[in-house]
Amino acid sequence: MVESHFLQNGIRFQCQGSGNCCVSHGDYGHVYLTKKDRRLLASHLGIRTSSFTRKFCELNMGVWRLKDTSDGSCIFLKKRRCGVYAARPTQCRTWPFWPEVLNPKVWSTEVKGFCPGVDKGKVWTRAEINEQLTLQKNSEAEYGS
């Protein structure tokens, strides 16, 4: 559960386009996909969902995820930019507002260490962050479908 005092004044964050979040960081190394995510990506690439799934995805313990690359980066990361930004999966759209990193210790030791968007740009309110958490939670319930 997110510590309420941590979000009391919101969190300042604005993506800086570094691509750092698109490279494996220990436990955060895979992009998991819902059926909706796969359909959106396939449509964006102009191919059928089944073709997208065969070419770019793998099933791991009943959950679809993007295939790994040899260097741990996302297969759609091109020149440190997302090649499918408009159709990026829910997991990517909700970063960095994931339940597992929204606590003071993880935020200050892990997220701030590699994400240059922390403490930049707009302040996300508790309500806005909760919306992102709900999106993430709902997509987690759909993984593997």
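Visitor: In this predicted model, where does R88 lie?

Guide: The model is predicted, not experimental in its local features, which are read at pLDDT of at least 70. Two elements flank R88: β5 (81-82) and α4 (90-93). R88 lies in the loop between β5 and α4.

Visitor: What is the nearest side chain of opposite charge to R88, and how far away is it?

Guide: R88 is buried. A salt bridge needs the nitrogen and the carboxyl oxygen within 4 Å. R88 has no salt bridge, because the nearest side chain of opposite charge is beyond that cut-off. That side chain is D37, at 9.9 Å.

Visitor: Which backbone oxygen does the side chain of R88 reach?

Guide: R88 has no salt bridge. Its side chain reaches a backbone oxygen at 2.8 Å. That oxygen belongs to Y85.

Visitor: Where is R93, and is it buried or partly exposed?

Guide: The place of R93 is in helix α4. Buried would require under 20% relative accessible area. R93 has 33%, so R93 counts as partly exposed.

Visitor: Which residues does R93 touch, not counting those up to four places away in sequence?

Guide: Residues up to four places away in sequence are left out of this list. R88 is on it, and so is Q132. The full list is D37, R88 and Q132.

Visitor: With which side chain does R93 make a polar contact?

Guide: This contact is between two side chains. The distance is 2.9 Å. The partner of R93 is T90.

Visitor: How far apart in space are R93 and Q136?

Guide: In sequence, R93 and Q136 are 43 residues apart. In space, C-alpha to C-alpha, the distance is 9.0 Å.

Visitor: What is the N to O distance in the salt bridge of R93 and D37, and how many residues separate the pair?

Guide: The side chains of R93 and D37 meet at 3.9 Å, N to O. The pair links distant parts of the chain, with R93 in helix α4 and D37 in helix α2. The values are 3.9 Å and 56 residues.

Visitor: Why does D37 count as buried, while R93 counts as partly exposed?

Guide: The cut-off for buried is under 20% relative accessible area. R93 has 33%, so R93 is partly exposed. D37 is buried because its relative accessible area is 2%.

Visitor: How many salt bridges does a search of the whole structure find?

Guide: Side chains of opposite charge can pair when their charged atoms come close. R93 and D37 form one such bridge. R65 and E58 form another. The search of the whole structure finds five.

Visitor: Which residues are linked with R65 in a network of salt bridges?

Guide: R65 meets E58 at 2.9 Å, N to O. D68 and R65 meet at 3.9 Å. R65 is buried at 9%, while E58 is partly exposed at 25% and D68 is partly exposed at 44%. The residues linked with R65 are E58 and D68.

Visitor: Why do α2 and α3 count as roughly perpendicular?

Guide: The axes of α2 (residues 35-45) and α3 (residues 49-56) come within 8 Å. Contact comes from R38, R39, L41, A42 and L45 of α2 and T49, F52, T53 and F56 of α3. Angles of 65 to 115 degrees count as roughly perpendicular. α2 and α3 therefore qualify, as their axes cross at roughly 100 degrees.

Visitor: Which residues does C22 touch, not counting those up to four places away in sequence?

Guide: C22 sits in the loop between β1 (11-13) and α2. At 23% relative accessibility, C22 is partly exposed. C22 touches G72, S73, C74 and L77.

Visitor: Which residues does a cis peptide bond join?

Guide: Most peptide bonds are trans. Here omega is about 5 degrees. P96 lies in the loop between α4 and α5 (104-114). The cis bond joins W95 and P96.

Visitor: What is the phi of K79?

Guide: K79 is found in the loop between β4 (77-78) and β5. K79 is exposed, at 84% relative accessible area. Its phi is positive, in a residue other than glycine: near 50 degrees.

Visitor: What is the phi of D119?

Guide: D119 is found in strand β6 (residues 118-124). At 47% relative accessibility, D119 is partly exposed. D119 is not a glycine, yet its phi is positive, at about 70 degrees.

Methods. Residues are numbered from 1 along each chain as its sequence is written. This is a predicted model: local features need pLDDT of at least 70, side-chain atom pairs count only at pLDDT 80 or more; totals for chains, interfaces and linings use all residues. Side-chain values use heavy atoms; hydrogens and water are left out. Helices (H or I, at least four residues) and strands (E, at least two) are DSSP runs, numbered from the N terminus. Buried means under 20% relative accessible area, exposed over 50%, partly exposed in between (1.4 Å probe, protein chains only). Lys and Arg count as positive and Asp and Glu as negative; His and the chain ends are not counted. A polar contact is a pair of N or O atoms within 3.5 Å; within protein, one must be able to donate a hydrogen and the other to accept it, and residues adjacent in sequence count only if both atoms are side-chain atoms. Axes are lines fitted to C-alpha atoms, for helices over the stretch in contact, and angles run from 0 to 180 degrees between N-to-C directions. Angles under 35 degrees count as roughly parallel, over 145 as roughly antiparallel, 65 to 115 as roughly perpendicular and the rest as oblique. Contact means heavy atoms within 4.5 Å.
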